[in-house]
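Here is a walk through a two-chain model, written for someone who would rather look at the picture than read a methods section. Have the viewer open while you read.

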Amino acid sequence: MSVQASRNHSAPWYGRVLYRAKLIGQEPTSVVGLLLILLFGWLIVVPVISLLSDAVLVQFGDERRTGAMTGEFTLYYLQRALFSPISELFFWSPLMNTLAVAFQVILFSLVIGGLLGWLVSRTNVFGKRWLATLLIVPYMIPAWTFALAWHNLFKNRSVGGQRGWVEAMGMTPPDWLAYGQIPIIVILTLNFIPFVILLFGNALRNLDSQLEESARILGASPRYIASRIVLPLMLPALTSASVLIFAKVLGEFGVAYVLGLPVDYNVLSTSLYRSIESRQTGMAAVLAGTIMLLGILSLMIDLYLIREAKRFVTLGGKSSLKRVTALGSWRMPASALAWVVFVVSVCVPLATLFLSTLMHVPGIWQWSNFTLDYWVGQDLRTIAMRQGILLTPELWQVVWNTVWIVGVSALIAGILGLLVGYVVVRSPVKGIGPVLRQITFFPYLVPGIAFAAAYLSLFAVPRGPIPALYGTYLILILALIADEMPFASRAGISAMMQLGRDPEEAARVAGARWWRRLLTIIVPIQKGALVTGILLPFISGINGLSLFIILSVPSTEVLTTYAIRLIDYHYTQAANAVVLLIVVLAIAGTLAAQKLTRTNLAEGLGR
Amino acid sequence: MPTITLKAATKHYGKPDAPAINALDLFIEDGEFMCLLGPSGCGKTTTLRLIAGLENLSGGSLHLDSKPVDVPDHGHFVSPDKRKLGLVFQSYALWPHLSVRRNVEFGLRLQKKPKAEIQHATEAVMQTLGILDYAERYPSELSGGQQQRVALARMLVVNPGILLMDEPLSNLDARLRLQMRTELQRIHQQYQSTLVFVTHDQWEAMALATRIAVMHEGIIQQVGTPTDIYERPANRFVAEFIGSPPINMVELDHADADFKQALFQLLGEKVVQQTAAIGIRPEHIQVTNSTKAGTLGAIVLSEIPTGGQSICELACGNHNLLMTTSRASGLVPGTTVRIAIAVDALNCFDRQGQRISIASELQNSGSTLSQSGTNWQSASLPAHNTPYHSTQSTTL
């Protein structure tokens with residue numbers, strides 16, 4: 001044998017160091033991982049810390065109130081938010097309102113959504129297949145769209161502008177019906193029903209009906225089976241849905257803004273918006289921190305519940321039998337209920353918005369009242385908006401803004417997401433993967449409005465080498481990327497999980513270096529996942545309101561903020577037209593995503 | 001063609017006290033067909049990946065020829081593509097987005113070879129493996145056997161000196177597997193490469209390899225020719241892992257007095273005192289008409305015909321023995337028979353489970369035993385070919 005044995009005593013001191021360096025040179029996954037951690041530390045962690053620290057540091061201009069210098073530690077904001085004469089108005093009542101809305105929305109959407117989920121997945125309700133798809137439609141449309149429709153229908157003279165439909169037809173809706181808690185609950189419930197249908201329906205679909213049948217053979221009544229077998233097994237899906245709804249309601253801004261503002265009904269997110277608008281940075285930080293804390297708490301509860309549930313829930317059941325329950329004499333009323341929900345939650349709002357763009361005065365069904373002026377009219381006899389919305393150059397500017405701002409950030413988020421997925425799945429260094437996974441998921445816990453506040457707090461002033469970014473496109477793009485990372489990185493991670501190491505290692509043996517492997521092997525194989533990772537953030541970006549409403553300035557306006565501004569100016573028809581454009585974009589985007597990924601949101605329901 | 005030398009090779013994943021490979025020494029000769037055999041989790045695939053360079057050593061050294069390619073203490077690490085080797089994955093790892101042709105020519109393209117040469121080499125190797133007709137198809141449009149050939153072609157086209165294969169036949173059905181075995185042997189001969197092959201299938205290893213390394217828990221248990229491994233297992237693990245139906249392992253602590261007595265006479269006191277267990281291959285037990293001393297009485301428990309041969313379970317004293325016979329033996333469950341055991345085929349293991357050489361003891365005790373290797377050869381042929389009561393074996 002011509003080989004000399006390598007023994008430690010002859011090893012040079014630098015041997016191991018050189019070895020490490022060579023390995024890293026060939027496998028830079030860990031280095032890329034560290035760079036990604038730095039990037040997301042800057043994009044996600046630093047803004048959040050900066051925001052939270054604003055709550056306990058004296059802000060510029062508050063020196064005299066707090067009796068301390070700018071930047072010093074203070075409990076002034078906490079004290080003022082929680083225990084001062086204004087704290088009721090500023091903090092406690094919005095908090096109570098938020099909780100009241102959240103719990104009622106959870107209750108109603110669970111009851112209605114659960115019932116509908118069962119109807120479309122396990123019974124012979126009429127038009128089951130259609131319902132399974134149609135009932136999901138509200139999921140694709142931003143919630144504040146429905147708020148706008150409600151506003152159009154029920155608004156009364158408490159606010160200016162055009163009359164509402166109901167009022168135009170001769171009835172004046174009372175304030176409690178037009179604004180505040182009740183309409184907010186109704187709108188959010190309608191918006192979250194599809195969510196429950198999806199989660200609950202899928203869980204039901206995975207429930208093997210042999211479980212029910214074996215109980216029946218032992219002599220259990222249907223009611224007993226439902227309460228002792230089905231419900232306990234569905235509990236994880238239901239609690240999971242509740243917690244996620246709670247987290248989403250916390251961050252929901254648009255609905256409360258449209259329907260709460262006229263009667264000074266505030267939730268945490270609108271209160272936060274107001275304090276940001278009035279430059280009360282410290283106070284805003286307290287509110288944002290509260291929202292984040294509640295969000296994190298609810299997600300932790302969800303994780304705990306899921307872990308507990310794993311102990312007894314057996315998911316998967318490939319061969320599980322799905323038995324269809326015949327509804328008998330209840331078939332008619334049950335079907336009617338399902339279709340009514342569809343009509344109320346989709347047809348009525350969209351029709352309202354659409355018709356109102358065609359009518360001079362809402363609710364008057366005369367031929368002369370109909371017009372296309374608001375879409376394509378010219379030289380209208382109005383003070384502003386003297387032409388139809390489609391002829392307004394501003395609209396197209398805003399559409400272009402939206403498409404490129406959201407497009408660029410979705411593209412970057414999608415690529416980063418795949419890269420994150422790669423590092424999380426492949427990193428040989430322990431810790432890098434989990435840390436990256438947690439960081440990129442973190443924005444999910446932070447409602448958009450709090451996140452936007454965090455960005456504002458960090459980038460409103462120059463910090464170190466980074467100039468003040470407020471008012472630039474860049475701050476929007478950065479915030480959007482960060483906000484969309486949870487979806488993008490989830491898509492990337494799950495795609496990479498399914499791809500074994502083998503194809504890549506085969507390329508490595510053949511001589512392809514790291515970047516080459518990424519470009520010629522990973523990206524082409526993960527094309528579908530990459531498209532999803534770009535398209536989903538794109539859709540949510542187009543729908544998104546809360547980030548933009550805080551970070552946009554007139555020159556960086558996007559469709560959603562444009563619509564809100566038109567609403568604020570009471571250009572009802574124009575606003576509705578813009579909203580319809582957004583809805584069309586959102587639905588088309590979702591359908592395109594489903595087509596591309598060959599998945600179906602409603603899959604499993606109604607089959 | 002290169003030799004492969006692993007010295008004190010150790011690989012652990014963050015936990016030095018739980019190594020996947022532990023101080024492994026292995027020398028693979030130029031042009032050898034070496035098989036790494038062992039149950040799942042024994043470290044055989046890790047060893048292969050270490051040789052390929054897809055994993056790196058935690059300690060020890062790996063040389064290809066005399067060139068250090070992975071020596072952590074000296075800072076040597078040569079990347080996989082510079083090691084001039086080819087690897088076939090268990091899953092084949094064909095790139096799903098590339099056609100068969102693109103898959104095969106990938107390596108040559110990376111080497112920036114001239115177009116004409118790439119085309120020529122690619123088509124030649126595809127021709128050899130009979131996949132030229134599928135050149136423009138995608139991997140998902142091929143059957144398992146065809147995918148296997150593409151994986152082989154992709155490996156062979158760059159003309160590597162070392163061929164590494166990770167359970168390449170395990171995803172094929174039985175008939176295709178036989179066919180591919182022949183093909184692999186042909187490739188080995190044609191390319192004159194050093195071939196390292198990982199499998200958990202002992203028949204595959206026996207049929208293909210020139211030498212086998214049996215691995216268990218990250219340690220090589222025995223390296224030897226297939227005959228060595230089967231006939232002279234180095235320890236109890238190898239004895240029990242190799243062979244189907246499995247070897248009969250009789251623990252002497254639990255053996256009854258008759259059995260022990262016979263052993264004393266035959267092997268001598270010294271051997272028996274060292275011996276903790278005795279392994280008897282099922283084909284080395286035979287029903288005999290003789291009732292002379294040394295044969296044992298046994299009760300027939302069951303008989304399972306398996307086509308060419310049949311497997312009988314016998315109760316002999318307080319242990320059960322498996323016996324294979326050439327064809328249906330006609331033994332009736334519940335009846336008593338007398339059995340003879342081929343003594344020179346006995347495997348004795350000490351308390352540590354290591355093999356004890358018994359050849360000299362047998363001669364001392366007067367048993368007829370010819371030169372161990374050759375004698376063994378005939379006894380290991382299917383049992384019906386070997387007359388047990390010949391001079392080659394002694395009844396017990």
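Two residues count as being in contact here if their C-beta atoms, placed from the backbone, lie within 7 Å. With that cut-off, Arg437(A), Thr440(A) and Phe441(A) in helix H20 of chain A meet Met485(A), Pro486(A), Ser489(A) and Ile493(A) in helix H22 of chain A. Sorted by type, the residues of this contact are four nonpolar, two polar and one charged. H20 covers residues 432-441 and H22 covers residues 473-498 of chain A; the two helices pack at an angle of about 140°, and their axes are 8 Å apart. Keep in mind that this is a predicted model.

**Chain A as a whole**

What is chain A built from? It has 28 helices and zero strands. Its C-alpha atoms fill a box of roughly 105 × 75 × 50 Å along the principal axes. The radius of gyration is 27 Å, which agrees with the value near 25 Å for a compact globule of 607 residues. Of those 607 residues, 46% are buried. Contacts also reach far along the sequence: among those between residues at least 6 apart, 75% join residues at least 24 apart.

**Two domains in chain A**

Chain A splits into domain 1 (88-368) and domain 2 (372-602). Their centres, taken over C-alpha atoms, are 24 Å apart. Where they touch, domain 1 of chain A brings 39 residues and domain 2 of chain A brings 32. Several helices supply at least two residues each to the domain 1 side, including H6 (128-134), H8 (143-154), H13 (222-251) and H17 (331-356) of chain A. Which helix gives the most to that side? H16(A) does, with nine residues. The domain 1 side of this contact holds 26 nonpolar and 13 polar residues, and no charged ones.

**Where the chains meet**

Between the chains, 30 residues of chain A are in contact with 30 residues of chain B. On the chain A side, the elements giving two or more residues are helices H1 (15-26), H23 (502-510) and H24 (514-525). That side divides into 17 nonpolar, seven polar and six charged residues.

**Two sheets in chain B**

Now for the strands. Chain B has two open sheets to look at, set out here:

| Strand order (chain B) | Strands | Pairing | Average twist between strands |
|---|---|---|---|
| S7-S8-S9-S3-S10-S11 | six | mixed | 15° |
| S14-S18-S15-S16-S17 | five | antiparallel | 45° |

In the six-stranded sheet, S7 (85-88) and S11 (219-224) of chain B are the edge strands, each pairing on one side only. Inside it, S3 (residues 33-37) and S10 (residues 211-216) of chain B run parallel and are joined by four bridges. One residue to find there is Leu36(B), whose bridge partner in S10(B) is Ala213(B). Helix H4 (residues 144-156) of chain B packs on this sheet, touching S7 and S8 (162-166) of chain B, and its direction makes about 170° with that of S7(B).

In the five-stranded sheet, S14 (285-287) and S17 (319-325) of chain B stand at the edges with a single partner strand each, so one side of each has no neighbour in the sheet. S15 (residues 296-305) and S18 (residues 336-341) of chain B pair in the antiparallel sense over four bridges. Which residue of S18(B) stands opposite Gly297(B)? That is Arg338(B).

Definitions and conventions
Residues are numbered from 1 along each chain as its sequence is written. Chains are lettered from A and ligands numbered from 1 in the order in which they are written. This is a predicted model: local features need pLDDT of at least 70, side-chain atom pairs count only at pLDDT 80 or more; totals for chains, interfaces and linings use all residues. Domain bounds come from an automatic or database domain assignment. Ala, Val, Leu, Ile, Met, Phe, Trp, Tyr, Cys and Pro count as nonpolar, Asp, Glu, Lys and Arg as charged, and the others, Gly among them, as polar. Two strands pair if DSSP finds at least two bridges between them. Axes are lines fitted to C-alpha atoms, for helices over the stretch in contact, and angles run from 0 to 180 degrees between N-to-C directions. The radius of gyration is taken over C-alpha atoms; the globule rule is 2.2 Å times the number of residues to the power 0.38. A residue is buried if 20 or more other C-beta atoms lie within 10 Å of its own, exposed if 12 or fewer, and partly exposed in between; C-beta atoms are placed from the backbone.
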